[in-house]
Amino acid sequence: MNGPLGALMEPTGVPAGWEAYGDGKKERVGFFTDTSVCIGCKACEVACKEWNVIPEDGRVWTGESYDHTSQLDANSWRHVAFVEQRKPLFANGDSAELDVDTGGDGGTGLRWLMESDVCKHCTHAACLDVCPTGSLFRTEFGTVVVQQDICNGCGYCVPACPFGVLDKRHLAATTDPPPAFLGRKEDGRVWKCTLCYDRLKGGHEPACAKACPTKSIQFGPLEELRERADARLAKLDAEGWNGPRLYGRDPDDGVGGFGAFFLLLDEPEVYGLPPDPVVTTRDLPEMWTNMLAAAGALLAGVTALTLLGGRR
Amino acid sequence: MTDTTFHLDGNPSITAAGTEMRSYYGRPIIKEPTWTWEIPTYFFTGGLAGASAVLSSAARVTGNRELARTALYVGAAADLVSPVLLISDLGRPERFHHMLRVVKVTSPMNLGSWVLLVSGASSTAAAALQLLDKWKPVRIAASIVAALAGPPLATYTGVLVADTAVPVWHDGRHELPWIFGASAAASAGAAASMFVRPENAGPARRVAVAGVLAEGALMEAMERRLGTIGEVYDEGEAGKFSRAAKGLAVAGTALLAKRGRKSRASAVVGGALVCAGELCLRWAVFKAGFQSARDPKYVVESQRRRVERDGTKATTKPGESSAPPGRGA
C-alpha cells in the first residue's frame, strides 16, 4: 500500500514526510536527555522561554519538590521534573556521598531525580497525522513544527499526542493577534517545541542544549546520539546505578522511536511519561474500514426500515 | 518525619517507592481535549443531518412525500447549524477555511470537514429547491448526494474521537462509529416523528425505535470491551449523561412505539425525549473522554497491560538488545 495510509500500516523507522525533501533533506537531528547528570537548574526552561519569546503564564507555588512548571504546555516547551524517592542511587543499596537530612534515619536511601522533558519529535507523530490544516509539518531535519500562520486552533493535536505535549495558548497573542471584530483576546493557537527550527536553519544548536551546563541535554544527529546513549547506559550499568534505562531510543516502539529520547532512572510513569506510547493513527486504516461498514449499515438500515413496512 | 518521602500535606508522595500506582504527583499524562460544548452538540446535529438525508430519500422512493419533505428540512437545518458550531469552537474562527486547504486521509477532522461541506451544500440546496418547488432534476440529484454523504457524516465523528490518545475513546474505536450511526438514526427518526402526521410517520418511528435498540446494545458491548476503564461511563458527569441518555431514550421509544401511531401529542413528546436522549449520549461519550484523560491511572493501566502482554518496546534496559543505530536517523 502506498501513500500516507500505507505509511501508517507499515511503519518504518523513517519519519513520514521527511523523505519528500529529496535533495533538501538534512541529517535527522534530535535530543538525548541524560537525566543521570541533570542538576535541576532549569537553565533549559529559561533559555527556551527567552529564545522563543514564550509569555509568562503565571507563577504557582505547587509544593511539588522544586517543580513549579508542572507540565509541558503551550507556554512551557521544556519542563524539569523533580522526583523525591526513597530509593537508593545504586543497585547495591548505597546512596551517593551526600549529606541529606532525612530525619535521622542515617542519611541513606534517598535519591532526587530530575528530568528535563520536551516534545519527543516522534518518528510517527500523531499530532502531525491528525492536523486537519497541514499546520503541523515535518521539517527537513526530521523534526515536527507548528506553522503559526496556518494553525486555526481546532485542538485536534492536543488529545492526539500520547505525551500531552501540545496545548492551546489561552494568553493574549504576542504575534499575529486575532482580528478585533471577533472580540477575542486570546491567542487560540497551539504551541510546542520547534527544536529551535530557526536556530537549526542558521546552523546553531537549540537554546536549551546550548544553555545546559552539565550536558544532560545533548543535541546532535540522532544516529550519533543513539550510539552515545547506548555507551552511557552500559557505563551506568557497569557502575551499578539503580534502574537506568533508555526511553524512546528504539525505532521499534509505538511511535517509531523518539527524535528526542531519554535516559531515565525509573519507570517512565514516575516522571509523568507514558510507559507504552502509541501513535493512534496506526489503527486508522482499520478505523476507516470499520466506519465505512457502519455508514453502510446506517444507509441500508434506514432504507430497509422505510421501504419495508407500511406508512403508518 | 514518617517513613515516606517528604511531601507537604503529610501524605506519602505518590512517586514513593513501593507505591503500586505510579505517577508524577497524580498529574495527567495526556492533555484533556480543549473542545467545548459545541463539539458534542455538533456530534448530535451532524448525525441528525446525515441520517435525516437518508430517511428523506428513502421516503421519496416509497412516495411518502410528507415524510420526505420533513426529513429533508430537518436535515438541512441540522446541516446549517453544524458548521456554525464547529467554527465557534475554533481558537481562531477566522481561519476556519484552513480546514479545506488540504485533503488529508490521516486526519478524520480534515476528511470530516469535506464530508460536511458536501453534505451541507447538497442538503440545503435540495431543501431550498423543495421550498421553491423548482428544478426537480437538480433537487433529486442533490438529495441523492446528501443521502450518500449522510452516513459518513453521521459515523466519522466516532473515528474522530477514537483517533486520539484518550484511553476510553481509542479503546472504544471498534464500537464508536456504530454507536454514533445508531444514535444518528434514532434522532433522525424521532425528529421526523415529531413533525410528520402519524399516518405518514410509520417509517420514522421504526427507524427511531431500531436506532435506540441498536445503540443500547452497542453501548453495552463497548463498555464490556473497555473493561475497567469503562467505569468512567458510570462516574461523574459522564455517568450522569449516560444514565440520562438511557432513561430519556427508553421513555421516548416506549411512547413512540406504543402511542405514536394514534396520538400526535405522544409522537411529539416521544420524539423530543429520544432526541434529548441522543444528545445526552454524545455528551456522555464526550465527558467520558475527558475523565479518562484527566486521571493518569487509565493511561498507565491500559498501557501497562499492553506492555505485559506484548513486551514493551519504549524502554531499553541494560543488556537488552535494541535496533542498531542507523535505522531512521
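**Note on a predicted two-chain model**

1. Arg197(B) has a relative accessible area of 41% and therefore counts as partly exposed, since the partly exposed class runs from 20% to 50%. The model discussed here is predicted. Arg197(B) is joined to Glu66(B) by a salt bridge whose closest N and O atoms are 3.2 Å apart. Arg197(B) belongs to the loop between helix H6 (176-195) and H7 of chain B, while Glu66(B) belongs to helix H2 (residues 65-89), so this pair ties together parts of the chain that are 131 residues apart in sequence.

2. On the make-up of chain A: its secondary structure consists of 8 helices and 10 strands. The C-alpha trace spans about 85 × 50 × 45 Å along its principal axes. Of the 312 residues in chain A, 60% are buried. Among the contacts in chain A with a separation of 6 or more, 64% are between residues 24 or more positions apart. Carbon and sulfur atoms hold 56% of an accessible surface of about 12100 Å².

3. On the make-up of chain B: its secondary structure comes to 10 helices and 1 strand. In order from the N terminus, the helices are followed by the strand. The C-alpha trace of chain B spans about 80 × 50 × 35 Å along its principal axes, and 58% of its 329 residues count as buried. Residues 24 or more positions apart supply 72% of the contacts in chain B with a separation of 6 or more. The accessible surface of chain B is about 12900 Å², with 63% of it on carbon and sulfur atoms.

4. How are the charges distributed? Chain A carries 31 positive and 44 negative charges, and their mean positions are 6 Å apart. Chain B has 38 positive and 27 negative side chains, with 10 Å between the centres of the two sets. Side chains of opposite charge can pair when their charged atoms come close. Over all chains, the structure holds 28 salt bridges.

5. Two salt bridges within chain A deserve attention. In one of them, Lys49(A) pairs with Asp57(A), and the closest N and O atoms are 3.7 Å apart. Lys49(A) is partly exposed because its relative accessibility is 24%, and Asp57(A) is partly exposed as well, with a relative accessible area of 32%. In another, the side chains of Arg111(A) and Asp266(A) meet at 3.6 Å, N to O. Arg111(A) is in strand E3 (residues 111-118) and Asp266(A) is in the loop between strand E10 (260-264) and H8, so the bridge ties together parts of chain A that are 155 residues apart in sequence. Arg111(A) counts as buried because its relative accessibility is 4%; Asp266(A), at 4%, counts as buried too.

6. Which residues are linked in a network of salt bridges? The members are Asp176(A), Asp187(A), Arg189(A) and Arg95(B).

7. Glu215(B) should be examined separately. This residue is in helix H7 (residues 202-226) of chain B. Glu215(B) is buried and yet has no salt bridge. The nearest side chain of opposite charge is that of Arg282(B), 7.0 Å away, whereas a salt bridge requires the nitrogen and the carboxyl oxygen to be within 4 Å. Leaving aside residues up to four places away in sequence, Glu215(B) touches Ile179(B), Ala182(B), Ser183(B), Glu278(B) and Leu281(B).

8. Two surface patches include residues of both chains. A nonpolar patch is formed by Leu299(A), Ile140(B), Ile144(B) and Leu148(B), which together have about 330 Å² of accessible area. Helix H4 (residues 136-162) of chain B gives the most to this patch, with 3 residues. Leu148(B) is found in that helix and is exposed, because its relative accessible area is 53% and the class begins over 50%. A positive patch is formed by Arg312(A), Arg259(B), Arg261(B) and Lys262(B). Arg312(A) is placed in the segment after helix H8 (284-307) of chain A and is partly exposed, with a relative accessible area of 44%.

9. Where does Arg22(B) lie in chain B? Its place is in the segment before helix H1 (38-61). Arg22(B) is partly exposed because its relative accessible area is 26%. Arg22(B) and Val300(B) are 278 residues apart in sequence, but their C-alpha atoms are 8.3 Å apart in space.

Definitions and conventions. Residues numbered from 1 in each chain as written. Chains lettered and ligands numbered in written order. Predicted model: local features only at pLDDT ≥ 70, side-chain atom pairs only at ≥ 80, totals over all residues. Heavy atoms only, no water. Helix = DSSP H or I, 4+ residues; strand = E, 2+ residues; numbered from the N terminus. Buried < 20%, exposed > 50% of the residue type's maximum accessible area, 1.4 Å probe, protein only. Contact = heavy atoms within 4.5 Å. Areas by Shrake-Rupley, 256 points an atom, 1.4 Å probe, with all protein chains shown as cover. Lys, Arg positive; Asp, Glu negative; His and termini not counted. Charge placed at Lys NZ, Arg CZ, Asp CG, Glu CD. Patch = residues over 30% accessible without salt bridge, like charges linked within 9 Å, V, L, I, M, F, W, Y side chains within 5 Å.
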